[in-house]
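User: Hi! I'd like to understand the reasoning behind the descriptions of this model. Could you take me through it?

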Amino acid sequence: MTATLNTTTPFPKHLLTGLQYAENNFLDEHARHLHLDKQLLRSRYDLNGKKVLDFGCGMGGMTLWYAKNWDCTVHGVDLDPAHVQVAEFLKEKYGLQNVKFHCQDVLEKPLTDKYDFIVLNDVVEHIPMPVLEKIILQLRGSLAEGGVIFLSFPPWRSPYASHVTSAVGLPWCQFLPQKMLYRMIEKKNSHITGAIESDLLSAYKGLNHLTFNRLENLTSKAGLKTRWRKSHCLLNRVPAFKNVNFRVFPLDFLVTKEFVEMSA
Ligand SMILES: C[S@@+](CC[C@H](N)C(=O)[O-])C[C@H]1O[C@@H](n2cnc3c(N)ncnc32)[C@H](O)[C@@H]1O
């Protein structure tokens, strides 16, 4: 694969896999793990004229998707410089003017703007709980009047919450004895794009085992209320159960993703 902005700007080879992944997330409406997010976002929100913050924007696939699909301004913020480098490259490649990216630790350099729509897509499960608590408080303060926060994440009981299911070959492998699981991941360990978490094992160790209740406990302390929630479950594939939320034990183990809308 060749990736150049122009003949004088070569793209670093070690970021190419990430670039391909992010570009696919941007362009492919049916990208596997984002298909539902995109469908929900389209059906629930009109982002035209809105100021959007994509917190934990990663390599920018979704950030660019908002910027392309709505007449809005989008600010992507992420802690990982390698991710932001990929995002900046894609922004240039597609010539989108209504999006900006910043590599920023908001606990050191707080956000200053207010936003109508703050989205955290597959982010909250990656941040240590005490840090997440402070970030949520700050995001609450960054909401414009009438603004909402939209979060999506795989809850800890999800078959894929370990983020290493495809490497290890076992859904729910997060519940194995941890030493055994570490050895299994090490055997299949591979590089992932990132300056902070750069392999599967470090990505697994960085998870905070988030459940909806743990998240709500923390968001309610920040003065946020849950306005809407969809727990997407494997059983929703059966047409008759399409809109059912299966949150009762043991069916909650089949929930693959929580989608939550919060506001002040
Ligand atoms: C799984 S990625 C999701 C990226 C993107 N939202 C997406 O859907 O493609 C999680 C992202 O959260 C970022 N992240 C973790 N802790 C963060 C923090 N304290 N501040 C900002 N971003 C953070 C990581 O660097 C990573 O890019």
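User: What do the buried residues of H5 pack against?

Analyst: Happy to help! They pack against strand S1 (51–55), strand S4 (115–121), strand S5 (143–153) and helix H9 (212–221). Helices (H or I, at least four residues) and strands (E, at least two) are DSSP runs, numbered from the N terminus. Contact requires C-beta atoms, placed from the backbone, within 7 Å. This is a predicted model: local features need pLDDT of at least 70, side-chain atom pairs count only at pLDDT 80 or more, and totals for chains, interfaces and linings use all residues. Residues are numbered from 1 along each chain as its sequence is written.

User: Which residues of H5 are called buried?

Analyst: Leu-132, Ile-135, Ile-136 and Leu-139 are. Each meets the cut-off of 20 or more other C-beta atoms within 10 Å of its own (exposed is 12 or fewer, partly exposed in between). Seen down the axis of H5, they fall within an arc of 105°, so they line one face of the helix. That arc is taken from the directions from the helix axis to the C-beta atoms.

User: How do you know that the length of H5 agrees with a helix?

Analyst: The expected span is 1.5 Å times one less than the number of residues. The 13 residues of H5 (129–141) should therefore span 18 Å, and the end C-alpha atoms are 19 Å apart, which agrees.

User: What does Ile-118 touch?

Analyst: Leaving out residues up to four places away in sequence, Ile-118 touches Leu-53, Phe-55, Leu-139, Ser-142, Leu-143, Gly-147 and Ile-149.

User: Which residues are closest to the ligand?

Analyst: Of the 18 residues surrounding the ligand, the closest are Gly-56, Gly-58, Leu-79, Asp-80 and Asn-121. A residue counts as near if its C-beta atom, placed from the backbone, lies within 6 Å. Helix H3 (61–69) and strand S2 (73–78) are the elements that give two or more residues to this shell.

Definitions and conventions:
Contact = placed C-beta atoms within 7 Å.
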